Amino acid sequence: MEIIRTVAEMRAWRRQAGKLAFVPTMGNLHAGHLALVKAARERADKVVVSIFVNRLQFGQGEDFGAYPRTFDADCDKLRAAGVDALFFPEEQELYPRVRQDFNVEPPNIQNELCGAFRPGHFRGVATVVTKLFNIVQPDLACFGKKDFQQLHVIRAMVDDLNSPIEIVPVDTGRADDGLALSSRNGYLSAEERAEAPRLYRNLEQIRQRLQDGDHDYAALEQAARDDLAQAGWIVDYVEIRQADTLAVAHAGEKRLVVLAAARLGRTRLIDNIEVFR
């Protein structure tokens, strides 16, 4: 696996790569990331993964400085997974003027769901992903469904800006007890880790009720919020949305997604589940 640290080197490598698949990450890799790599390998001649902890998508008081940096372990995992190249730029390489004067501004969905609690987050995501797409120039890029709102923003951005990149969604990786795999799971204490699957169980309960024909979305959302709060969680949201647009869902729609975010101790967990009726 070749480790590439500069934009110029990445562009030179890309010219020899043939059909290229890209997996952007912030490192601290787990089985969910490796599932993205597997999906990428199945679709292209070469696979490049990036590791870059993007300051722009962290809000005030969030964990940019504490975000785990596990470069050596990440490299071992990527080599074992058959990755061809790792793009690992320093911050100054991507942001040479320190301040990013031009940003990619998503539509109002950036201020809903997670965006309501993380102002500017999706602007930071859209901006760095656009920069990485422009540098790596992949034919396709793989993103996990766990970050469902992020996936929606990136797919819409690529479509609106006519970017010649296929966005490949990959199902959420889960532990045996249902907890969505996430780098932030490492922040959980042993007691919190045992409690954490409650989030997914609530989403599953809503999914089953929806498939049984329950149309009282507000009551389903409130029941899940109450269950989490009673168990000591601080709930940001539990919402049923239209799966294709993330618009507010109405009774009778066939493609839904149930999304949730809540804090367990100091760890903010997100999850979602799609519902097709």
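In this tour, helices (H or I, at least four residues) and strands (E, at least two) are DSSP runs, numbered from the N terminus. What you have open is a predicted model, where local features need pLDDT of at least 70, side-chain atom pairs count only at pLDDT 80 or more, and totals for chains, interfaces and linings use all residues. Residues are numbered from 1 along each chain as its sequence is written, and side-chain values use heavy atoms, with hydrogens and water left out.

**Stop 1: helix α9**

Select residues 198-211, which make up α9. This helix has 14 residues and reaches 20 Å from first C-alpha to last, close to the 20 Å expected at 1.5 Å a residue (the expected span is 1.5 Å times one less than the number of residues). Now colour L199, Y200, N202, L203, I206, R207 and L210, which are buried (under 20% relative accessible area; exposed is over 50% and partly exposed is in between, with a 1.4 Å probe and protein chains only). Because they cover an arc of only 160° around the axis, they sit on the same side of α9; the arc is that of the directions from the helix axis to the C-beta atoms. What do the buried residues of α9 pack against? Show α10 (217-230), β7, β8 and β9 (267-276), and you have the partners. Just after α9, click on G213, whose phi is positive, near 105°.

**Stop 2: two leucines with a positive phi**

Most residues other than glycine have a negative phi. L113 is not a glycine, yet its phi is positive, about 50°. Look for L113 in the loop between α4 (91-94) and α5 (114-117). L113 counts as buried because its relative accessibility is 3%.

Next, jump to L246, in the loop between β7 (234-242) and β8 (255-264). L246 has a positive phi of about 65°, again without being a glycine. Is L246 buried or exposed? At 1% relative accessibility, L246 counts as buried.

**Stop 3: helix α2**

Select residues 31-41 for α2, then pick out G32, H33, L36, V37, A39 and A40, which are buried. They cover an arc of only 160° around the axis, so they are on the same side of α2. Turn on β2 (20-25), β3 (46-51), α3 (71-80), β5 (140-144) and β6 (166-170): these are among what covers the buried residues of α2.

**Stop 4: V136 and its contacts**

Go to V136 in helix α6 (residues 121-136). V136 counts as buried, because its relative accessibility is 0%. Which residues is V136 in contact with, leaving aside neighbours within four places in sequence? Show M10, R14, L20, F22, V48 and F87; contact means heavy atoms within 4.5 Å. Try a distance label too: V136 and A21 are 115 residues apart in sequence, and 9.5 Å apart in space from C-alpha to C-alpha.

**Stop 5: E274**

Head to strand β9 and select E274. With a relative accessible area of 22%, E274 is partly exposed. Not counting residues up to four places away in sequence, E274 touches K145, F148, R207, L256 and V257. The C-alpha atoms of E274 and V257 are separated by 4.2 Å, although the two are 17 residues apart along the chain.
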